[in-house]
Amino acid sequence: MRDSAASNVIMEIEASKPAGNSIVVGGLSPLSETIWKEKINTEFSGDVSARLTWKDLTVMVTLSNGETHNVLEGLTGYADRLASNAFLSGTILLNGHKTKLSFGTAAYVTQDDNLIGTLTVRETISYSARLRLPDKMPWSEKRTLVERTIIEMGLQDCADTVIGNWHLRGISGGERRRVSIALEILMRPRLLFLDEPTSGLDSAAAFFVTQTLRCLSRDGRTVIASIHQPSSEVFELFDRLYLLSGGKTVYFGEASFFAQAGFPCPALRNPSDHFLRCINSDFDKTSDDPLEKITTAEAIKNLIDFYQTSQHSYAAKEKVEGISKVKGTVLDAGGSQASFLMQAFTLTKRSFVNMSRDFGYYWLRLVIYVVVTICIGTIYLNVGTGYNSILARGSCASFVFGFVTFMSIGGFPSFVEDMKVFQRERLNGHYGVTAFVIGNTLSAMPFLIMITFISGTICYFMVRLHPGFIHYLFFVLCLYASVAVVESLMMAIASIVPNFLMGIITGAGIQGIFMLVSGYFRLPNDIPKPVWRYPMSYLSFHYWALQGQYQNDLKGLWFDNQSPDLPKIPGEYVLENVFQIDVRRSKWIDLSVIFSMIISYRIIFFVMIKISEDVTPWIRGCLARRRMQQKNGTQNTTVAPDRLTQSPSLRNYVANHATRAGKR
């Protein structure tokens with residue numbers, strides 16, 4: 001873990017404490033000072049460093065089998081984001097004030113670099129600036145901030161290189177990690193948390209990333225990072241180390257502690273490797289190892305007991321008490337200051353650019369659609385109005401609105417990648433759910449129109465369906481609406497099924513059921529009424545698409561009979577007696593039902609996201625509390641239930657944050 005020269009900062013604050021409403025500024029760059037002055041109505045006169053402390057901090061999680069596990073236990077230190085089944089107790093103070101750390105106070109860089117691969121580094125940071133910086137801020141100033149951030153993270157050499165994805169060669173892993181950090185320091189937060197920033201990087205990239213983080217702390221930031229087995233060069237860059245084992249503090253302070261506890265680091269051994277060796281039973285023992293004489297569990301117990309009675313522990317507690325007494329101003333670091341319209345516009349533009357550059361998003365589907373519709377056109381070429389063409393027209397429509405629209409599930413992997421980016425940006429307060437849903441819907445619309453009109457035109461004129469512009473327009477509109485429904489359905493599935501393989505299987509299963517009750521494989525009156533006829537057939541967009549297209553194609557046509565001597569068959573007779581369709585209902589009603597399904601699935605998509613943010617954590621929290629009470633009993637519970645604090649939902653946080661801002 002890392003702290004930005006905390007002892008020196010405290011000495012300076014106690015010596016020259018500001019008066020009135022002024023805020024002390026120390027070690028803050030002119031750019032950061034400008035950003036922060038726009039956020040609060042006060043004057044700067046010294047230091048605005050974020051001084052974070054935690055005392056007797058315990059975090060408990062409940063597993064799926066009802067068992068409980070302490071992730072952290074009785075920690076005290078100075079310098080989070082909890083899972084939905086996690087509870088904490090203890091005291092967390094930021095500048096002497098109790099606070100729940102969320103995106104409004106601190107920036108958080110996850111271990112996974114979920115970025116849009118088709119955008120360049122500069123575009124990625126620029127779009128983030130538009131999403132989060134105030135609308136009244138001129139673009140020239142935003143561009144300056146973007147360029148300064150690029151230089152600060154050492155990304156100027158790759159600023160115009162794409163991030164990279166499955167078909168675009170992009171930047172390296174270390175550069176991707178620095179882009180993720182750049183996105184979060186764009187708003188100049190005072191607290192920066194990083195989850196294993198060097199994981200998956202080679203030694204050179206890991207060193208440069210850590211060195212960059214060290215430079216960030218010189219701008220008045222506090223940088224805290226979890227890190228696994230760093231190299232000796234990387235280890236030397238950290239100011240303080242917090243070593244945990246089984247959720248308990250093994251050591252917080254300088255590296256000489258292990259030698260004092262009887263476990264000195266051997267010569268020519270990486271200190272971090274030695275520390276992990278002492279507290280991890282997975283490491284092999286060696287003949288000259290002091291741990292050869294005792295078990296790892298005993299070594300851990302000795303280290304924990306030694307630390308609790310050591311001068312390091314007492315010094316940390318005194319430092320926590322001293323920092324806690326200094327009351328400072330907590331600056332709002334994260335969250336978007338852009339208007340809703342700006343967010344929706346920026347997300348629409350960014351998503352459109354991504355879709356246009358990613359060959360697998362829509363362009364590949366356009367090629368496949370054209371090839372498939374050409375195949376349909378050649379098989380049903382100039383189908384005519386003969387007696388056999390009656391069933392041929394019906395089977396052609398069934399294939400187009402059943403299996404052709406089914407191919408839209410191929411875009412699910414791209415939807416999953418979009419959801420990963422959304423979840424990262426949403427958890428850091430970049431924008432809201434409504435803006436994301438609107439942006440995703442509007443950006444996809446031109447591509448879906450292009451795909452359906454091109455492929456629909458090829459199919460319509462090769463097969464020579466019912467002539468007339470209105471009939472042609474209905475056919476392509478119905479095809480567009482059907483494809484858009486599948487897109488909306490798959491987006492709703494992507495919001496709750498993050499694995500693309502499971503999502504494709506789920507989407508295929510749902511569409512398979514819908515096709516069964518569409519009225520082609522089994523005529524509408526023959527479908528079993530309980531469940532399948534009511535309500536399943538009415539929930540199937542295939543049913544409404546076929547009902548409308550059958551009327552659009554057959555109504556008004558005359559077909560040859562089986563024998564030339566018999567009279568011709570009107571299309572209305574075929575609709576009522578062959579396909580069992582009510583000709584009194586307008587085909588435009590069928591089309592309007594499909595369009596209403598598009599809106600319904602998008603609303604479901606929105607609701608699913610909100611449920612995952614608010615309702616699901618609340619339900620899991622209630623179940624977790626009940627399991628802990630059943631397992632441990634109210635009298636034997638390690639931490640009293642009324643002292644347990646669950647991670648707040650995003651909705652509650654935003655509401656509370658808005659209330660506090662209104663009071664100020």
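User: When do two strands count as paired?
Analyst: Strands are DSSP runs of E with at least two residues, and helices are runs of H or I with at least four residues, each numbered from the N terminus. Two strands pair if DSSP finds between them a number of bridges that is at least two.

User: Over how many bridges do β5 and β6 pair?
Analyst: This is a predicted model, in which local features need pLDDT of at least 70, side-chain atom pairs count only at pLDDT 80 or more, and totals for chains, interfaces and linings use all residues. Residues are numbered from 1 along each chain as its sequence is written, and side-chain values use heavy atoms, with hydrogens and water left out. A106 has L191 of β6 as its bridge partner. The pairing of β5 with β6 (residues 191-195) is parallel, and the number of bridges is four.

User: Which strands stand at the edges of the sheet, and why is one side of each without a neighbour?
Analyst: The open sheet has three strands in the order β5-β6-β7, with parallel pairing. Each edge strand has a single partner strand, so one side is left without a neighbour; these strands are β5 (106-109) and β7 (222-226).

User: What should helix α20 span at 1.5 Å a residue?
Analyst: The expected span is 1.5 Å times one less than the number of residues in the helix. Helix α20 has 14 residues (541-554), and its end C-alpha atoms lie 20 Å apart, which agrees with the expected 20 Å.

User: Which residue takes a positive phi just after α20?
Analyst: The phi is about 100 degrees. The residue just after α20 with this positive phi is G556.
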